[in-house]
Amino acid sequence: MTETNEDIRYYYQSLNYENRFYSDESFNFYSDDVVLLQNGNSDNQCKIEKKEDNSWSIQCNDVGFHNFFMTNKNGNTKSFDVNIEKRKYCYRWNFITTFSGSKIEPIDIIIPNEEFTARLWVVSGSDNNSSNIVPTNFEKDINVGLYMNGLKPIISFDDEENKFDVTDMSFSKNDGYWSVRLITKNPGQFVFNIHNNNINLFNCTIEKTKTSLSVINKILSTRIDNLNDDIKIPGNAIDIYHNPCYKNFIIIKSDNNYGARSFVYTLDNFRTINSIFLSQIEEKDIIIDIIPINPESLFILTSLNKIYKLSNMQTIEEINIFPSDQIITNIKSTSFCTPTIDYIKITKDCNSIENYNNYYVAYLYKDNQFYFTTDSFKSLNLTSIEQYGNIIDIVIHPLNNTFILLMLNRNDANIILIYDPAQDKINEGYNFEMGISQKNGEIYHINTLTKLLISELGSNELFIYGKNELFYSPNSGEYVYEMELIDKDNNSLLENDNEKIINVRTSKSGNVAVQTSSNRIFYGNTNRSELYEISSGISKDDISSTIWFNEFGDLYVITSNSNEPYISKRKLPIHNELAIKRVKGSNKVIATECPIYEFDSNVNSKYFIDVGETINFSSSVTMKSGFSNGISFTYSNIDLLNITYNDEEITPEKEFIDNSIKTLKRDVQITNKYKTKNGISTVVITPHSNQIECEIPPKKSTLYLECPPNRNIRYNVAEKYQSLTCDNTKYPNSFKYFKKYWKNWQKNEIGKKEKYEYFNCSIYGPPIPVYYSSEFIPTFSLYDGDTYIKDVDAEFVLIEDKGSIAYSYTKKLKNTNCTSKAQTWEEMIMKNPLDDISNAWTPENYVPCTNNNTKFNENDEYQIISTENKNSLSWKGQNNMYLMFTATVIDPEYSYCTLKAKFALYVYGASMKVYLQLLLVFGVIALIILLFFIGFFIYKRYYHNKKEKVA
């Protein structure tokens, strides 16, 4: 048979869980164009069975690449290939969430802080039906066998920030499954793995199974509106909207199939679909943009220049915030989700991390100004950029705290602007007016770019596209690289002026997919400049389809339908397409085999880096010798980091002494560049090239330059008192404060009478004995939770929480390096009159006494303590006493945390007061005199009696 250049479109209707083609397992082929399908050569051992609706069932018994011929109605033929593999895993895990009521039913949506029960058991790898709520008898026997041999599933998470808690896992012999009780703290899409590497069944293993759990704030009442009441507009494409923090909540808009004021939505990642018709919007109005705020509310922009807020998918209200003469055509939210603020302790007001998930932008296409809001359109900030030209598109980068603008300048060329809303500052990025092509060195002038897209990796990767041109920037638009779309015949899309790029999507695995106006799909990643056409794509004339990556990085075609269920989704066999391209590879197409044997990194999913701290991790790649490869590191907010690399090439094992393989290792050391500037960064680690051939997922870590959540300091108790606890120590419930030795700091008055203050041992710990006549020099240690880090060597201050002033400082200003008056507690409390006086002096308001040159009293107390200055406390009042102290580290360059420690002291061994000493002396003297007289009279009487006896 001979092939023609006429394009024949086809795709696969049903693909298994693994998204691959296996021997002895059937799959469905579909095409509107094909009337005849047959084996391409006599070696094919494939059974082809014609079904209804332009589909065929195909089953091949042997492994390898199988060729098939397609014939259309005009008698023209095309061929395609399928890579048939032998199934490596005979079994996989099935995970189904249930709830208890009158009966057990599957439920796909759960809500935070409520316990749910899931069932977990082993199923056949070829069984794609996961809707069963109990195992079959065969599956039950397998699971009971595993349990009897002491084997059970393990649940693990790729991202330790996005996880749920397993409170219990138990097995039922009668039912043949594990019951998993789980609870989540936050809403979102939780991706996890189920595995046990020790399980083998009948010389076959159980696949490590990826699955996900949808969690929303609350379960909304099901809404199924009649979309036929709406006005449908033919010719409009389908759009997908989602909040970057709640990927399981997806909005799908299709004016062609649903209507101008309608859309459908899913709360559970397309498992169920709800329809909504907003009759409250005017009849002649059209929804043109949507922003999901959270799993319950939306912002909606219409063609009549109105913004609505839809709450709980029920209540709609119009937002009248823009000037009456201002037209708005676009609204935008952040491009990806800022790492959850729950993991960040905001400790310094001047360096707090903004939650940029709350930023929204509104603008008129090709205008020279835009609005942004941080309070959900309750107020607006207006920014004019008239001198730079007209706005084409805007995206918000939440980690860099910037807005990235695609402009058309006054010279009719595209340019990138980077706007910092906090400082109201604009920096120019890449200018396409005089760009130089990396492919041929020619100078280009580009004015056809229309869209910006930030990568799902959550890094600085930015894509700029329009017409048939696609550019990639690793640094948020400062510099760009050209990317090329290569079709099935190894031709570039740039040669086809009639075909345009209409969609670009990225995945968390670092892959990129492109959809064109001819409904062709191209696939690749940023490690190489070419994206390759996926043969089994979308029907040529289907205007209601788009592409979408799911949470696992699988690429889908999403198609809208005018009737229920309104949406269909079809998985694309990317692995099969890449395998075929390897076999049929040329110099321009993908390599024939993956040169990488192993890629590994011990990087954690997240790090907290405090001031002066360092993190270390290593990454390595083992590959064939002769390939120029290495390890690629992509950072966001790289200006916050000091990064050091140490590269090493490891000698191969003896069996590879011929140097047929090599291993490159890179050790990475990262510290924060600034002591008083915090933020969030990310690092994405991949093999430097050939990733698309090897399908190697990247390693990603979030770097919080912020106070670690459990960071604290503790008072160092002397070793002989370390055994003291609140239970084995005697202390009064209330502490006595003597008159004249306590102060009401708020009123600035000395206590005129005694007072008592309640003591809470759970806050301060047991009172630690200190001797009155000894100088008290407290020291502290830094901890993460209960883990010792180091001794505190920073400046700190002490105050007695209940107002005691029965102590003084031994160091005077004349014995310090001060060049001006030093801060004191009296001064700080007067400036910051707070109920808790221990909060009056902090790292934020600390001013060193060496900053200025002014006159001061050299005999004033110096109230700042450190291990270096040897300052100490001496006790006053000549009373034994109990005291409650708070220590605060005030050095602003020591930590991002506000470090405090509370402790209690028992001061004992106080000498008597002077008047008591005088009373004692005079009392002793009087007693001596009295005794002298008594002795004298006794003696005299005794002598007198003796004389009388002699006489």
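**Close-up views of a predicted model**

**View 1. Two strands from a four-stranded sheet, side by side.** Strand β51 (residues 614–624) runs antiparallel to strand β54 (residues 661–672), and the two pair over 11 bridges. This is a predicted model, so read every close-up here with that in mind. To get your bearings in the pair, find T622, whose bridge partner in β54 is T663. Now zoom out to the sheet: 4 strands, in the order β49-β51-β54-β53, form an open sheet with antiparallel pairing. The edges belong to β49 (596–601) and β53 (641–650), each of which pairs on one side only. From one strand to the next, the twist averages 15°.

**View 2. An open sheet with mixed pairing.** Here 8 strands line up as β38-β39-β40-β41-β45-β44-β43-β42, and the pairing is mixed. At the edges sit β38 (451–454) and β42, each pairing on one side only. The twist in this sheet averages 25° from one strand to the next. For a parallel pair, look at β41 and strand β45 (residues 530–534), which share 3 bridges. E484 has E530 as its bridge partner in β45.

**View 3. A glutamate tucked into a loop, with charged company.** E499 sits in the loop between β41 (481–486) and β42 (501–506). Is E499 buried or exposed? Its relative accessible area is 2%, so E499 counts as buried. What does the side chain of E499 touch? One polar contact, of 2.6 Å, goes to the side chain of T516, and another, of 2.5 Å, goes to the side chain of R520. Stepping back a little, a network of salt bridges links D487, E499, R520 and E533.

**View 4. A short strand with two faces.** Strand β58 (residues 734–737) has side chains that alternate. F735 and Y737 point to one face and are buried, whereas S734 and K736 point to the other and are not. Next to this strand you'll find β61 (residues 755–758), which pairs with β58 in the antiparallel sense over 4 bridges. Across that pairing, K736 stands opposite Y756. While you're looking at β61, check out K755 and E757, which form a salt bridge with the closest N and O atoms 3.1 Å apart. K755 is buried, with a relative accessible area of 17%, whereas E757 is partly exposed at 22%.

**View 5. Two salt bridges between parts separated in sequence.** The model has 23 salt bridges in total, and here is a look at two of them. In one, the side chains of E85 and R20 meet at 3.3 Å, N to O. E85 belongs to strand β8 (residues 77–85) and R20 to the loop between β1 (11–14) and β2 (21–22), so this pair ties together parts that are 65 residues apart in sequence. E85 is buried at 16% relative accessible area, while R20 is partly exposed at 26%. In the other, the side chains of D610 and R711 come together at 3.2 Å, N to O. D610 lies in the loop between β50 (606–608) and β51, and R711 lies in strand β57 (residues 711–715), so the pair ties together parts 101 residues apart in sequence. Both D610 and R711 are buried.

**View 6. A nonpolar patch on the surface.** Which residues make up the patch? They are F922, I925, I929, F932, F933, F936 and F937, with about 760 Å² of accessible area together. One of them, I929, has its place in helix α6 (residues 914–950). I929 is partly exposed, with a relative accessible area of 43%.

**View 7. Loops with backbone details worth a look.** Start at the cis peptide bond that joins E564 and P565, where omega is about 10°. P565 is in the loop between β47 (555–560) and β48 (567–571). Next comes N312, which is not a glycine but has a positive phi, near 55°. You'll find N312 in the loop between β26 (307–311) and β27 (315–319), partly exposed at 31% relative accessible area. S376 isn't a glycine either, and its phi is also positive, at about 60°. S376 lies in the loop between β30 (369–373) and β31 (381–384) and is partly exposed, with a relative accessible area of 29%.

Technical notes. Residues numbered from 1 in each chain as written. Predicted model: local features only at pLDDT ≥ 70, side-chain atom pairs only at ≥ 80, totals over all residues. Heavy atoms only, no water. Pairing = 2+ DSSP bridges. Axes fitted to C-alpha atoms, helices over the stretch in contact; angles between N-to-C directions. Buried < 20%, exposed > 50% of the residue type's maximum accessible area, 1.4 Å probe, protein only. Patch = residues over 30% accessible without salt bridge, like charges linked within 9 Å, V, L, I, M, F, W, Y side chains within 5 Å. Areas by Shrake-Rupley, 256 points an atom, 1.4 Å probe, with all protein chains shown as cover. Salt bridge = Lys/Arg side-chain N within 4 Å of Asp/Glu carboxyl O. Polar contact = N/O pair within 3.5 Å; in protein donor to acceptor, adjacent residues only side chain to side chain.
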